[in-house]
Amino acid sequence: MTSAQPLRVGMVGYAFMGAAHSHAWRTAPRFFDLPLQPQLTAVAGRNADAARAAADKLGWDSVETDWRRLIERDDIDLIDICTPGDTHAEIAIAALEAGKHVLCEKPLANSVEEAERMTLAAETAAKQGVMSMCGFSYRRTPALALAKRFVEQGRLGEIRHIRAQYLQDWLSDANAPMTWRLDKSKSGSGSLGDIGAHSIDAAQWVAGQSITGVSALLETFVPERPLAGDLVGLGGHGDLSGDASRGKVTVDDAAIFSAKFDGGASAGAIGVFEATRYALGRKNAMRLELNGTKGSLAFDFEDMNVLSFYDAAESPDAGFRKIFVTEPEHPYVGNWWPTGHGLGYEHGFTHQVVDLVTAIGEGRQPEPSFADALQVQRVLAAVEASAANSSQWQKV
């Protein structure tokens with residue numbers, strides 16, 4: 001802890017992502033030297049009692065029941081948006097216009113048009129020193145950050161193949177209840193935007209290439225779900241009584257698409273993406289594999305402290321070797337535990353705070369910017385357009 005100038009945070013939303021972000025804001029300054037000192041000043045939620053309970057549990061000093069009041073407060077420097085996608089644009093634009101820094105959860109918005117307006121507001125605000133960032137937290141996983149370092153060092157050579165999967169199973173029960181994630185008006189899309197967006201961002205970021213076109217297939221396996229029931233984690237158990245109402249699922253359950261990357265100075269890679277919440281036995285298998293002319297790397301978040309790497313210059317029969325990403329020289333790791341003592345899901349959010357606060361303190365644009373997130377939004381839109389047009393090739 002330091003005597004640095006405070007960075008007073010106001011957070012909108014306090015559920016799954018709100019809890020993860022709260023932990024990060026509390027933890028980051030205790031393990032990293034930051035140019036500004038985060039303060040958990042206020043949390044906003046529509047239900048006053050629930051918001052107060054969340055504030056007490058998660059460590060926030062005060063509560064608002066209207067996010068607009070949060071933005072109006074003079075004792076708030078940054079707005080952290082942890083709400084469903086249908087609210088992102090309105091909150092973020094209002095905050096930026098009020099001179100507040102913004103951290104916004106992914107995907108940036110529910111449409112390209114919203115994301116474009118947010119990006120314009122962010123670029124305008126940046127001219128006044130007001131910064132913004134989109135929360136693609138998997139970038140801050142040490143093993144993925146090491147993968148990007150390997151690519152930048154040229155250890156893979158020219159990248160030819162990119163494979164990305166995000167596999168979960170929490171919706172596999174056809175009677176799990178409806179949630180906002182299954183309502184397109186709130187979430188924008190299903191597996192595609194909720195988890196596929198992470199894969200898109202990670203693949204482009206690690207490879208240093210952007211997706212230029214896609215051919216896609218979307219599928220909804222269960223068209224209706226119980227409106228009532230017991231929520232457990234992200235899923236739960238729906239009310240199956242005879243008079244229980246059911247609601248229409250208006251998003252995709254699974255997304256599959258092929259992609260072409262721009263390649264920069266060399267020929268672009270080709271990619272294959274899959275996102276589903278119906279892969280029984282897969283809990284959070286966010287996977288990425290890159291094959292190049294000199295080597296390959298592979299990552300699976302279910303074994304998040306390991307990066308598998310193959311160097312073609314070594315003996316051909318050596319195969320992949322596992323790198324345990326727990327050494328002090330590995331990204332972010334030196335501020336945590338001794339070698340061999342791995343990190344967890346929550347550390348990515350802590351590293352996200354570290355990078356954001358450091359960038360704000362240094363007066364530079366944090367990454368990923370809203371412009372970066374807009375590009376991901378355009379890929380999501382292209383996937384939906386292709387799937388709606390018999391999987392025809394769609395330029396991004």
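**Exercise 1. Aromatic pairs**

How many aromatic pairs does the count come to in this predicted model? Characterise the pair formed by tyrosine 345 and phenylalanine 349.

*Solution.*
Step 1. The count comes to 15 aromatic pairs.

Step 2. An aromatic pair is specified by two quantities, the distance of the ring centres and the angle of the planes. For tyrosine 345 and phenylalanine 349 these are 5.2 Å centre to centre and 70° between the planes. Planes over 60 degrees apart count as edge-to-face, and the pair is accordingly edge-to-face.

Step 3. Both residues belong to helix H9 (residues 345-362), and because they are four residues apart there, about one helical turn separates them.

Step 4. The accessibility of each partner is then assigned. Tyrosine 345 has a relative accessible area of 29% and is therefore partly exposed. Phenylalanine 349, with a relative accessible area of 2%, is buried.

Step 5. The pair can be placed in a wider setting: ring pairs link Tyr345 and Phe349 with Phe16, Tyr138, Tyr166, Phe299 and Phe301 into a cluster.

**Exercise 2. Internal cavities**

Determine how many cavities of 30 Å³ or more the whole structure holds, and describe the lining of each.

*Solution.*
Step 1. The search returns two such cavities.

Step 2. The largest cavity encloses about 40 Å³ of space. Its lining consists of Ser137, Tyr138, Thr141, Phe301, Met304, Gly344, Tyr345, Gly348 and Phe349. Sorted by class, these are five nonpolar and four polar residues, with no charged residue. Tyr138, Phe301, Tyr345 and Phe349 of this lining also appear in the ring cluster of Exercise 1.

Step 3. The second largest cavity has a volume of about 40 Å³. Leu192, Gly196, Ser199, Ala255, Phe257, Phe273, Glu274 and Ala275 form its lining. Helix H8 (191-207), strand E13 (254-261) and strand E14 (270-276) are the elements that each give two or more residues to this lining. The class division here is five nonpolar, two polar and one charged.

**Exercise 3. The six-stranded sheet**

State the strand order of the open sheet of six strands, identify the edge strands, and examine the pairing of E1 with E4.

*Solution.*
Step 1. The order is E3-E2-E1-E4-E5-E6, with parallel pairing.

Step 2. Strand E3 (62-64) and strand E6 (132-135) are the edge strands, since each pairs on one side only.

Step 3. From one strand to the next, the twist averages 25°.

Step 4. Strand E1 (residues 5-12) pairs with strand E4 (residues 78-81) in the parallel sense over four bridges. Valine 12 stands opposite isoleucine 81 in E4.

Notes: Residues numbered from 1 in each chain as written. Predicted model: local features only at pLDDT ≥ 70, side-chain atom pairs only at ≥ 80, totals over all residues. Heavy atoms only, no water. 1 Å grid on protein atoms, 1.4 Å probe; cavity = no way out; pocket = protein on both sides within 12 Å on 5 of 7 lines; lining within 4 Å. Points joined across faces, edges and corners; volume = space filled by probe spheres on them. Nonpolar A, V, L, I, M, F, W, Y, C, P; charged D, E, K, R; others polar. Pairing = 2+ DSSP bridges. Axes fitted to C-alpha atoms, helices over the stretch in contact; angles between N-to-C directions. Phe/Tyr/Trp six-rings, centres within 6.5 Å; stacked < 30°, edge-to-face > 60°. Buried < 20%, exposed > 50% of the residue type's maximum accessible area, 1.4 Å probe, protein only.
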